[in-house]
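Biologist: I would like a close look at a single part of this model. Please take the sheet and work outwards from there.

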Amino acid sequence: MGAGEKLRALAEDENLRKRLAGCYQCGMCTGGCPVAHVKPDYNPRRMLEAIILGQYDEILSSDLIWLCTSCHSCLERCPQRIEVSELLIELKNLAAEAGNIPKLLLERAKRIAETGESTPVSKASLVWREKLNLPPITPVNVEEVRTILQATDFPGWLERTRSSANGTRS
Amino acid sequence: MGQEARYAWFPGCWVSNRMPYIEAADRRVLDAFGIELVEMKDARCCPEPYAVLGLGRDAWLGLAGRNLTIAEEMKYDILTPCPGCYNTLRTANSSLRNDSSERKRANELLSKVGREFKGEIQVEHTVNVLHSKIGLEKIAGAIKHPLSGLRVATHYGCHLLKPSKITCIDDPERPIILDELVRVTGAESVPYLRKTLCCGGPISSVDENASYAIAREKLLKVKQAGADCLVVACPACMIQYDTNQHSIEKTFGEAYEIPVFYYTELLCLAMGMTFDEIGFHHQVKADKVLEKLNIPHK
């Protein structure tokens, strides 16, 4: 099933219908959104509207979806208790599957898959750790991380998306 | 569960690999209050939600579940200085405890490495342990060098507070615990606008301009409030406000010059530790703060 079909299935999903049924487009999610404040193109209310109206492709192909910081203000403030930011994470999953994923994010995911860590140890921090009398960093069991990831569709997915990743927007 | 004064220590990638001064400050403070931090062998990336959760829920749940099982084996609750790790591990813990289908799926993945999620531990953040386990009274009794006259702006960090049904730590819109922890050091917590605004850090790798514009908003408000420094409880917010502060100044042609402290760094100073002991390897110098507090520094 392609990402578009998956989103269609998600949108037709009774659960999601229930989750979105209460949205009366008040815009509280957008009003409290830190990103919308500096970048008016980014508009969570409009994203919900698009899902309700079935305009899936527009959402999945837009790189705006990746601008959510997951600060969860919208989730806390929605008068209808729609978990907007959680829904946006599901949409990011689908956009990623459709090959819409920022390059740097893909690189970070790859690093986690290969090393188990989201950021490598910096030389400076090794010096600081010693000066600060901190114990050595315990090694991570990368084999376990890889084995778990191998059992998910994460590696294949990394492979599939590698060629289609977006550049950084700045 | 677990012994009250012992925790499985989960510093998270950014603190252990990039910002060990946060780890040092946490260890010094917690040690002074009789809390023992036990190393979590083999544990690592929580995993980071922005890259992994945004890319696939199963992978995310499997890796988070793995970290949780390591603490379960140790029979200690997890303690982390990072709200990102706190949020990820608490979200995963809650899903795996309450959603039997997610638990089944995660345990299928975990069985490949001989692990099983049982749901036996909790996940705590430093600020919460200080505020509710150790308590303000005990902390007040340990203050040797009150930070009188210091005007502090507090920044909690979104993932410490929200989603509130997961974090269960404070009111997400009007939080008070970090302000109370600041006041107990003798410093003043100054009110300022847009206090619960996100730091913008998570999107810095996607849209740097938007990310910096969000951080700028906060830095301007902190400066307008006349605060001497900003106190955070999150390594990612520290990167955004401290490491990136000069770049943000350059981008907008403005000067903020706001020193940033992780909360326990400030507490270390109030507890009489020297500036050298906390190893303040930050970008924005804290000289003005130290002079105001009459704390010797190089």
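Modeller: What follows starts with the sheet, then moves to its neighbours, the core, two helix pairs and the other chain.

The model is predicted. Keep that in mind throughout.

Start with the overall layout. Chain B holds an open sheet of 4 strands, in the order 6-5-7-8, with parallel pairing. Strand 6 and strand 8 (260-262) stand at the edges. Each has a single partner strand, so one side of each is left without a neighbour in the sheet.

Now strand 5, residues 151-155 of chain B. Of its 5 residues, 4 are buried, so strand 5 is largely enclosed by the rest of the structure. Strand 5 pairs with strand 6 (residues 188-189) of chain B in the parallel sense, over 2 bridges. Here Val152(B) has Ser189(B) of strand 6 as its bridge partner. Strand 5 also pairs with strand 7 (residues 229-232) of chain B, again parallel, over 4 bridges.

The register between strand 5 and strand 7 can be read residue by residue. Ala153(B) stands opposite Leu230(B) of strand 7. Thr154(B) has Val231(B) as its bridge partner. His155(B) stands opposite Val232(B).

Strand 7 then passes the pattern on to strand 8. The two run parallel in chain B and are joined by 3 bridges. Val231(B) has Phe261(B) of strand 8 as its bridge partner. Val231(B) is thus listed with Thr154(B) in one pairing and with Phe261(B) in the other.

Next, the faces. In a regular strand, side chains alternate between the two faces of the sheet. Strand 7 of chain B is covered on both faces. Cys229(B) and Val231(B) lie on one side, Leu230(B) and Val232(B) on the other, and all are buried.

Helix 15 (residues 263-270) of chain B packs on this sheet. Helix 15 touches strand 7 and strand 8 of chain B. Its direction makes about 85° with that of strand 8.

Val232(B) deserves its own entry. Leaving aside residues up to four places away in sequence, Val232(B) touches His155(B), Gly157(B), Cys237(B), Met238(B), Tyr241(B), Val260(B) and Tyr262(B). His155(B) in that list is also the residue that stands opposite Val232(B).

That leads to the core. The largest nonpolar core has 142 residues. Val35(A), Leu230(B), Val232(B) and Tyr263(B) touch the most other members. Leu230(B) and Val232(B) are the buried pair on one side of strand 7. The largest share of the core, however, comes from helix 4 (residues 57-74) of chain B, with 8 residues.

Helix 4 of chain B also has a packing partner. Helix 4 and helix 6 (residues 100-111) of chain B pack at about 75°, with their axes 9 Å apart. That makes the two helices roughly perpendicular. Helix 4 brings Asp58(B), Leu61(B), Gly62(B), Gly65(B), Arg66(B) and Thr69(B) to the contact. Helix 6 meets them with Glu102(B), Arg105(B), Ala106(B), Leu109(B) and Leu110(B). By class, this contact has 4 nonpolar, 3 polar and 4 charged residues.

A second helix pair is also worth a look. The axes of helix 12 (residues 208-224) and helix 14 (residues 245-252) of chain B come within 10 Å and cross at roughly 95°. Helix 12 and helix 14 of chain B are therefore roughly perpendicular to each other. Helix 12 uses Tyr212(B), Ala215(B), Arg216(B) and Leu219(B). Helix 14 uses Gln245(B), Ser247(B), Ile248(B), Thr251(B) and Phe252(B). The classes here are 5 nonpolar, 3 polar and 1 charged.

Last, the other chain. Chain A has 12 helices and 0 strands. Of its 170 residues, 38% count as buried. Among its contacts between residues at least 6 apart in sequence, 69% join residues at least 24 apart.

The contact between the chains takes 53 residues from chain A and 54 residues from chain B. Several helices of chain A each supply at least two residues to the side that touches chain B, including helix 4 (34-38), helix 8 (84-97) and helix 9 (103-115). That side of chain A has 28 nonpolar, 15 polar and 10 charged residues. Chain A also appears in the core, through Val35(A).

How values were computed: Residues numbered from 1 in each chain as written. Chains lettered and ligands numbered in written order. Predicted model: local features only at pLDDT ≥ 70, side-chain atom pairs only at ≥ 80, totals over all residues. Buried ≥ 20, exposed ≤ 12 C-beta atoms within 10 Å, placed from the backbone. Contact = placed C-beta atoms within 7 Å. Nonpolar A, V, L, I, M, F, W, Y, C, P; charged D, E, K, R; others polar. Core = buried A, V, L, I, M, F, W, Y, C linked by C-beta atoms within 7 Å. Axes fitted to C-alpha atoms, helices over the stretch in contact; angles between N-to-C directions. Parallel < 35°, antiparallel > 145°, perpendicular 65-115°, else oblique. Pairing = 2+ DSSP bridges.
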